[in-house]
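User: I have a model open here and would like to talk through some of its details with you. Could we begin with one residue and work outwards?

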Amino acid sequence: MKNIKYSHMNHWKNIPYQRIDNFREFYYEDKTNSAYYTDWDRILRYQKALGFNGIELAPWDFPEMLPLFGSPQAFKDFAAERGVEVSGMFHLIDKPYDRTHHKQTLEESKKAVDLLVEFGGTQLNSAPINNYYGVGPLSRDQIKASAEIITEVGKYATDKGVQIGIHNEFFLAINKDNHREYLELTDPRYVHYCLDTAQVALLGEDILEFYDTYHDRICTFHLKDTATPALPDDIRYSRDIEIVDDGTRWFWEPGEGVLDFKGLYQLLKKHQFKGWVTVETDGTPDLLASMALSRYYIDNELDSIYS
Amino acid sequence: MKIGISLDMVNVHHQEPNRNRYESKYYWDELYPMIATAGFRAVEIPFDPFWIFRGGSGVPFTKYCIEVKFETVAKFVAHLQANGIEKVAGIHFNPTIFMRNENLDFYFGASGYFGGEAIRYAAELGCDYIAITPTPPYGLVQHYHGQNWEADFTKRSIEMINGFAKIAQEKGIKISLRNEYWSVFRNQNFYAELDNSILLNVDAANLCIAGQNPSETLKNSLGKIGNVYLTDTSFTDENEAWKMPLPEYPQHRATQVFKDVGLGKVDLSGFCQTLKEINYDGWAIVSNRQTREPMRALLRSRQFLNGIR
């Protein structure tokens, strides 16, 4: 039994078919590789073939995915037939800094927890707040309010068997100057942390030191690389900066950037981490190639350190 | 007849290799002069609120996106003109994005709000028309609302569209109402209940799939045509895919429902001949909404148009 279970973050956008039985005929219609990225059957088979037995879903998938399958249970069963389980789901804790919005934030978050339970997942990896642009800088009270509401969400989630993982991102209002304060204001019994290695490095943190310090809070990882850690404030705080006008990428496959993943895996070994590690390759032009590159790096560079 | 091409050829919602570039401004900056190079001087732009909510303002499909990247709508129009696109002929508003839960008040509230925004934006762009998809796919509404929703849904949809007509009249812009083969309105005679100012869109491929003759529809709609779409298909809906939640992706047999123009079986030459015969002087928009390659679709479209002129 391995300590690490690998999952893959679903950035495929909408996949409009459950299963294409007339694959060759479909391919010949216009003879492009689009045919290879159009049904869930093949996407899940790619995952299984590359050793990603989990899939992490994103809420922007659901408006097409749920009508396509009919229910979360139907998707869960479909994935299970191909050897894949739902590990978790992404979520946004919307407007947590505003106590007048807390009731709605809690209701929306409860729905997300319930939906994840229907999918059979356990990790609700949650952006703790909206973007810095338009919201930041936060007052101390706004940081406190944000910590309060995610703790309430965490209580509900814990009752349902779900772990809330704070998923910080380099352009959010919880940012370099306040994210440790925010984390420490949350209740460790109910609120955990999903360490997105690239996002937290872009924020300006040393991910090894951060993990070593907060290892007892970190329940899962988004494993991805970056070539540009410690971005300056004027970039992190700018408008709609995740997708850059000139095509600059913030995120790369593990091993294609500059982060010390071997050092991180030494720490995983030190702290005997057990749980889901989700490879996330947002921004790639070719998710299948990125998935394969990541698997090669894990098998050949990281597994021998800790697996 | 004036010819334009729709930016719906850029498939921003579904997976394909390299689709990530569609979310960055550089892709579009490269595309605009290519459109002109392919001989198109006017475009139709989809209005897609999806790109307001997730920081994807590189996709030029809302006023918000335009203001983030170009500061003002006027500067965006000037940018297009500097790249050979002389006019935004129209925009297309489709409320399907808001059919995502069991709450019809949410659907009509959001659709009504953003539909109004779309009309005001179209006017600011200097468009001649706004094409409006009147309903989400029949099967998608059914997925969320089960049974006995059609009468109330139709009534509220007509009220919403008539509300759009008032805004459009204030802004001096025409509404061109679409009727996709999967529409809730597909088999309903609702025109008598619509405001007289509302014109009809004539979409060649959608009509063919619904079993109607596009050229006959043109002749029967004289004086009521808001704009037309030059669209192509080889699809015949023998398994009633139109009733499915994702009707443009028939689950029983995968196919590219909307082919690149010229590659399907629609008699587009005859359709264009009819447009000439009825002295149609409005916009004919080329749409390749399910193309696998936008640049290839551009050139295929130009080749086809050159062949029928």
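User: Is A:T32 buried or exposed?

Analyst: This is a predicted model, and in it A:T32 counts as buried, because its relative accessibility is 10% and the cut-off for buried is under 20%.

User: Where does A:T32 sit in chain A, and which residues is A:T32 in contact with?

Analyst: A:T32 is placed in the loop between α1 and α2 (40–49) of chain A. Once its neighbours within four places in sequence are set aside, its contacts are A:Y27 together with B:R292, B:E293 and B:R296 from chain B.

User: Staying with loops in chain A, what is the phi of A:K13?

Analyst: Phi of A:K13 is near 60 degrees, which is a positive value in a residue other than glycine. A:K13 belongs to the loop between β1 (4–9) and α1 (23–30) of chain A, and with a relative accessible area of 13% A:K13 is buried.

User: And what about B:E240, which also has a positive phi?

Analyst: For B:E240 phi is about 55 degrees, although the residue is not a glycine. B:E240 lies in the loop between β8 (232–233) and β9 (258–259) of chain B, and its relative accessible area of 39% makes B:E240 partly exposed.

User: Which peptide bond in chain A is cis, going into A:P137?

Analyst: That is the bond from A:G136 to A:P137, with omega near -5 degrees. A:P137 is found in the loop between β4 (123–127) and α6 (140–159) of chain A.

User: Changing topic, where is A:Y182, and what does A:Y182 touch?

Analyst: A:Y182 is part of helix α7 (residues 179–185) of chain A, and at a relative accessible area of 1% A:Y182 is buried. Not counting residues up to four places away in sequence, A:Y182 touches A:P128, A:I143, A:S146, A:A147, A:I150, A:I166 and A:I174.

User: How far apart are A:Y182 and A:E242 in space?

Analyst: From C-alpha to C-alpha they are 22 Å apart, with a separation of 60 residues in sequence.

User: Over to chain B then: where is B:T133, and is B:T133 buried or exposed?

Analyst: B:T133 sits in the loop between β4 (129–132) and α6 (138–145) of chain B, and B:T133 is buried, with a relative accessible area of 0%.

User: What surrounds B:T133 by way of contacts?

Analyst: Apart from its neighbours within four places in sequence, B:T133 is in contact with B:H92, B:F93, B:N94 and B:P95, and also with B:R178, B:E180 and B:W182. The C-alpha atoms of B:T133 and B:N179 are 6.8 Å apart in space, while the two residues are 46 apart in sequence.

User: How do α3 and α4 of chain B pack?

Analyst: Helix α3 (residues 63–70) and helix α4 (residues 73–82) of chain B pack at an angle of about 80 degrees, and their axes are 8 Å apart. The two helices are therefore roughly perpendicular to each other, because angles from 65 to 115 degrees count as such.

User: Which residues meet there?

Analyst: From α3(B) there are B:K63, B:I66 and B:F70, and they meet B:V73, B:K75, B:F76 and B:H79 in α4(B). The residues of this contact divide into four nonpolar, one polar and two charged.

User: Now the whole chains: how many helices and strands are there in chain A and in chain B?

Analyst: Chain A comes to twelve helices and eight strands, whereas chain B has eleven helices and ten strands.

User: And what is the radius of gyration of each chain, set beside that of a compact globule?

Analyst: For chain A, with 307 residues, a compact globule would be near 19 Å, and the chain has 19 Å, which agrees. Chain B has 309 residues and a radius of gyration of 18 Å, which agrees with the value near 19 Å for a compact globule. Along the principal axes, the C-alpha trace spans about 60 × 45 × 40 Å in chain A and about 50 × 40 × 40 Å in chain B.

User: What share of the residues counts as buried in each chain?

Analyst: In chain A 59% of the 307 residues count as buried, and in chain B 60% of the 309 residues do. The accessible surface of chain A comes to about 12000 Å², with 49% belonging to carbon and sulfur atoms, while chain B has about 11900 Å², with 46% belonging to those atoms.

Definitions and conventions:
Residues numbered from 1 in each chain as written. Chains lettered and ligands numbered in written order. Predicted model: local features only at pLDDT ≥ 70, side-chain atom pairs only at ≥ 80, totals over all residues. Heavy atoms only, no water. Axes fitted to C-alpha atoms, helices over the stretch in contact; angles between N-to-C directions. Helix = DSSP H or I, 4+ residues; strand = E, 2+ residues; numbered from the N terminus. Parallel < 35°, antiparallel > 145°, perpendicular 65-115°, else oblique. Contact = heavy atoms within 4.5 Å. Nonpolar A, V, L, I, M, F, W, Y, C, P; charged D, E, K, R; others polar. Rg over C-alpha atoms; globule rule 2.2 N^0.38 Å. Buried < 20%, exposed > 50% of the residue type's maximum accessible area, 1.4 Å probe, protein only. Areas by Shrake-Rupley, 256 points an atom, 1.4 Å probe, with all protein chains shown as cover.
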